[in-house]
Number of protein chains: 2
Amino acid sequence: MRALNERIRREGKNLGRGILKVDSFINHQVDPMLMLSVGQAMAARFYSCEATKVLTAEISGIAPALTTALALQVPVVYARKTRPVTMHPNAIEATAPSHTKGSEVKLMLSPEFLGPGDRVLIIDDFLASGQTIGALVKLAQLAGATVVGIGAVIEKAFEQGREELAHLNVPIEALAVITSMDDGKIVLE
Amino acid sequence: MRALNERIRREGKNLGRGILKVDSFINHQVDPMLMLSVGQAMAARFYSCEATKVLTAEISGIAPALTTALALQVPVVYARKTRPVTMHPNAIEATAPSHTKGSEVKLMLSPEFLGPGDRVLIIDDFLASGQTIGALVKLAQLAGATVVGIGAVIEKAFEQGREELAHLNVPIEALAVITSMDDGKIVLE
């Protein structure tokens, strides 16, 4: 996706250790027009999957998942990391290590909002090691739903998340693919 | 906003102690079409404020803030509750008690994304006691920006947040106003 690649080239910062700072347009400040285009591009790639729900993880996944769900005209569910008092007592849980926070995160999902019969498109801001997305897949499977696709705004291909998720045998799409962050560079595919 | 009121009547649950469960369409599962209408309705009410940025707090504020920012064609910034490794070291901080989590939350904002000259429209899912929104106001002020309006998707009028924020002398709008949750009811204005 050209507008996204241009934005990464212009504003992305390589902080070292594989950490990409894109918080001027994706995960602290968000450009809503770019995010709308991201959702439309994502929806176009997954249209034939006939998803009934989009699933993401709070926090940074919410914006791209919302615009994808808007384009597909289906609800979006975001897995919670902290349990709100309003959450169903039988919430489903899965854990994933957090790359940017250095600890393990627990993802929780209310069984009210995902179940057998649901065809789930997983959307997240990053596909890196694949562990957060792996936890979302687990949540969907525990709910009895079927994962039909996985989409990331930005893939860090050198972290092998795509290989990690290949056994699921579902389409995996990324709108921007970074092949290397060695030597302080950001190399886009 | 009629579609929102109808949705609250149909799906909202009064859990007692002033806690309203609307997680089937606002803060766990999100209806993107309703959220787009919410953003458009919000933008219409604040159009004349000439906001340069929309500011919200993660997590539940992100969806309505994003669609409002989309309608106003300005960036949205969400204050973070946990510090990502990508955050600017001189982040501005303010604290607010969390009604639904029972503890105090710290909101952090990078000075890169809000500053003098910015006209800030604050958007959140709820206006209850006004304390989270009060913390967002403080963040904006610490950044040197001017708050030009405050919008909430749902106001719990009986918690007096509007009175709490009145001294700011800016327009405060809510798309749905709940006047009472006594006796297990949800009374809409």
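**Exercise 1. Work out how E4(B) and E8(B) are joined in this predicted model, then follow E8(B) to its other neighbour.**

*Step 1.* Start with the pairing of E4(B) and E8(B): the two strands run parallel, joined by 3 bridges. For a landmark, find B:Lys53, which stands opposite B:Val120 in E8(B).

*Step 2.* Now go to E9(B). E8(B) runs parallel to E9(B) too, and here there are 8 bridges. The landmark this time is B:Asp124, with B:Ala152 of E9(B) opposite.

*Step 3.* Check how covered E8(B) is. Of its 9 residues, 8 are buried, so-called "mostly covered".

**Exercise 2. Extend the walk from E9(B) and write down the strand order of the whole sheet.**

*Step 1.* Strand E9 (residues 146-156) of chain B pairs with strand E10 (residues 172-180) of chain B in the parallel sense, over 6 bridges. Within that pair, B:Ile154 has B:Ala176 as its bridge partner in E10(B).

*Step 2.* Look at what lies on the sheet. Helix H4 (residues 131-142) of chain B packs there and touches E4, E5, E8 and E9 of chain B. The direction of H4 makes about 165° with that of E8(B).

*Step 3.* Put the strands in order: E3(A)-E5(B)-E4(B)-E8(B)-E9(B)-E10(B)-E11(B), an open sheet of 7 strands with mixed pairing. The edges are E3 of chain A and strand E11 (187-188) of chain B, each of which pairs on one side only.

**Exercise 3. Chain A shows up in that order; find which strand of chain B takes E3 of chain A as a partner, and in what sense.**

*Step 1.* The partner is E5(B): 2 bridges join it to strand E3 (residues 29-30) of chain A, and the two run antiparallel.

*Step 2.* Pick out a bridge. A:Val30 has B:Val76 as its partner in E5(B).

**Exercise 4. Describe how H2(A) meets H3(B), from geometry to residues.**

*Step 1.* Take the axes of helix H2 (residues 32-46) of chain A and H3(B): they come within 8 Å and cross at roughly 105°. Angles of 65 to 115 degrees count as roughly perpendicular, and the two helices are therefore roughly perpendicular to each other.

*Step 2.* List who touches. H2(A) brings A:Pro32, A:Met33, A:Met35 and A:Leu36, while H3(B) brings B:Leu66, B:Ala69 and B:Leu70. Sorted by class, that's 7 nonpolar residues, no polar and no charged ones.

*Step 3.* Ask how enclosed H3(B) is. Since 11 of its 11 residues are buried, H3(B) is largely enclosed by the rest of the structure. The buried stretch includes B:Ile62, B:Pro64 and B:Leu72. Just after the helix, B:Gln73 takes a positive phi of about 60°.

**Exercise 5. Size up the contact between the chains and identify the symmetry behind it.**

*Step 1.* Count residues: chain B supplies 35 and chain A supplies 35.

*Step 2.* Assign chain B's side to elements. Those giving two or more residues are strand E3 (29-30), helix H2 (32-46), helix H3 (62-72) and strand E5 (76-79) of chain B. H3(B) gives the most, with 5 residues. By class, chain B's side has 20 nonpolar, 8 polar and 7 charged residues.

*Step 3.* Superpose the copies. Chain B lands on chain A after a rotation of 180° with 0.0 Å of shift along the axis, at an RMSD of 0.0 Å. That's the relation of a two-fold axis. The same surface serves both copies, as 100% of chain B's contact residues recur in chain A.

Terms used:
Residues are numbered from 1 along each chain as its sequence is written. Chains are lettered from A and ligands numbered from 1 in the order in which they are written. This is a predicted model: local features need pLDDT of at least 70, side-chain atom pairs count only at pLDDT 80 or more; totals for chains, interfaces and linings use all residues. Copies are superposed by least squares on the C-alpha atoms of residues with pLDDT of at least 70 in both. Two residues are in contact if their C-beta atoms, placed from the backbone, lie within 7 Å. Helices (H or I, at least four residues) and strands (E, at least two) are DSSP runs, numbered from the N terminus. Ala, Val, Leu, Ile, Met, Phe, Trp, Tyr, Cys and Pro count as nonpolar, Asp, Glu, Lys and Arg as charged, and the others, Gly among them, as polar. Two strands pair if DSSP finds at least two bridges between them. Axes are lines fitted to C-alpha atoms, for helices over the stretch in contact, and angles run from 0 to 180 degrees between N-to-C directions. Angles under 35 degrees count as roughly parallel, over 145 as roughly antiparallel, 65 to 115 as roughly perpendicular and the rest as oblique. A residue is buried if 20 or more other C-beta atoms lie within 10 Å of its own, exposed if 12 or fewer, and partly exposed in between; C-beta atoms are placed from the backbone.
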